[in-house]
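Open your viewer, switch to the cartoon style and get ready to click. We will go from stop to stop, selecting a few residues each time.

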Amino acid sequence: MKNQLLQGDALKLLPTLDAGSFDALITDPPYASGGVHASDRRRAPSVKYMQGGTPPLHAEFAGDERDQRSHLRWMVLWLSECSRLLKEGAPVCLFSDWRQLPLTTDALQAAGFTWRGVAVWDKTEGVRPQLGRFRSQAEYIVWGSKGAMPLARRAPILPGVIRAKVRKDDKLHMTGKPTELMRQVVRICEEGGRILDPFAGSGTTLVAAQLEGYSWTGCELTQHYADVTRERLSTL
């Protein structure tokens, strides 16, 4: 199966793909998070996710300013289309932060998937410390499957906590995940399978999939990040 990166809105691109043609959905969608109040979440990602006074190192990205109800509705829409594209028993992995964890598990189930658990990405102690508070060093991988998920699938035992530090030379998107983290996550796909990522960003999931021997299809709305992804993939 030919690997492909599609540039455009996932809600418009996903219906053009063949039903039952993917072995896993692994994606890091916009969280629509940041801040405590609704007004905080409508701010630009560079304001929400970067430390105060720090010049932005990465381009803005779209789709992160929805309020809670519209974000839930949007999640269910694209997840439902992904359900059509996945084979029976295929795993699903969705990244989330602590604020959107309940919404993400609700959306997964509302789209017809079986919710099977939450794995943890431990970002290590390198995150910004705050006196008198816990470090915000964890994000989450909500995972499940399309229907039954046979234990005999050709996939290894995976860790419930993955410890991976964000490295400046490996981060090409404002909310980019470490390549080493994603190389471990994609192994939930059956050996040699085809992975779908509707929100490719700077392409780390696609890079990890290719390095681990999987085929892949990605969608990315922002032209800048689609170009970054193509450049990264061209060097593999």
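Here is a tour of this model, one selection after another.

**The whole chain**

Before you zoom in, keep in mind that this is a predicted model. Colour the chain by secondary structure: there are eight helices and eight strands to find. Of the 236 residues in the protein chain, 53% are buried. How do distant parts of the sequence meet? Among contacts between residues at least 6 apart in sequence, 74% join residues at least 24 apart.

**Helix 8**

Now select residues 223–234, which form helix 8. Try your viewer's distance tool on the two end C-alpha atoms: they are 16 Å apart. That agrees with expectation, because twelve residues at 1.5 Å a residue should span 16 Å.

Next, show the side chains of this helix. Which residues are buried in helix 8? They are Tyr225, Ala226, Val228, Thr229, Arg232 and Leu233. Turn the view so that you look down the axis of helix 8: the buried residues fall within an arc of 160 degrees, so they line one face of the helix. A general rule helps here: an α-helix has 3.6 residues a turn, so residues three or four places apart point the same way. On the other side of helix 8, pick out Glu231 and Ser234, which are exposed.

What covers the buried residues of helix 8? Add strand 1 (4–7), helix 6, helix 7 (204–211) and strand 8 (215–220) to your selection, as these are included in the cover.

**The second largest pocket**

Move on to an open space. Select Trp143, Met149, Arg153, Leu158 and Ile188, which lie nearest the centre of the second largest pocket. The lining has 19 residues in total, and the pocket holds about 420 Å³ of space. Strand 4 (114–122), strand 5 (138–145) and helix 6 (179–185) each supply at least two residues of that lining. Coloured by class, the lining shows 15 nonpolar, two polar and two charged residues.

**The largest cavity**

How do we find empty space inside a model? Rolling a probe the size of a water molecule over the atoms shows where empty space is left. This structure holds one cavity of 30 Å³ or more. The volume of the largest cavity is about 40 Å³. To see its walls, select Pro29, Pro30, Tyr31, His71, Met75, Phe95, Ser96, Asp97, Gln100 and Thr104. Helix 4 (68–85) and strand 3 (91–96) each give at least two residues to the lining of this cavity. By class, the largest cavity is lined by five nonpolar, four polar and one charged residues.

**Three single residues**

Click on Thr105, in helix 5 (residues 101–110). Is Thr105 buried or exposed? With a relative accessibility of 6%, Thr105 counts as buried, because buried means under 20%. Beyond its neighbours within four places in sequence, Thr105 is in contact with Trp115 and Val142.

Go to Leu77 in helix 4. Leu77 is partly exposed, at 37% relative accessible area. Its C-alpha atom is 7.7 Å from that of Leu11, although the two residues are 66 apart along the chain.

Finish at Ile157, in the loop between strand 5 and strand 6 (161–163). Ile157 is exposed, with a relative accessible area of 85%. Select Arg187 as well: 30 residues separate the pair along the chain, and their C-alpha atoms are 8.9 Å apart.

Methods:
Residues are numbered from 1 along each chain as its sequence is written. This is a predicted model: local features need pLDDT of at least 70, side-chain atom pairs count only at pLDDT 80 or more; totals for chains, interfaces and linings use all residues. Side-chain values use heavy atoms; hydrogens and water are left out. Helices (H or I, at least four residues) and strands (E, at least two) are DSSP runs, numbered from the N terminus. Buried means under 20% relative accessible area, exposed over 50%, partly exposed in between (1.4 Å probe, protein chains only). Contact means heavy atoms within 4.5 Å. On a 1 Å grid over the protein atoms alone, a cavity is a set of points where a 1.4 Å probe fits but cannot get out, and a pocket is an open set with protein on both sides within 12 Å along at least five of seven lines; lining residues have an atom within 4 Å of a point. Grid points are joined across faces, edges and corners, and a volume is the space filled by probe spheres set on the points. Ala, Val, Leu, Ile, Met, Phe, Trp, Tyr, Cys and Pro count as nonpolar, Asp, Glu, Lys and Arg as charged, and the others, Gly among them, as polar. The expected span of a helix is 1.5 Å times one less than its number of residues. The arc is that of the directions from the helix axis to the C-beta atoms.
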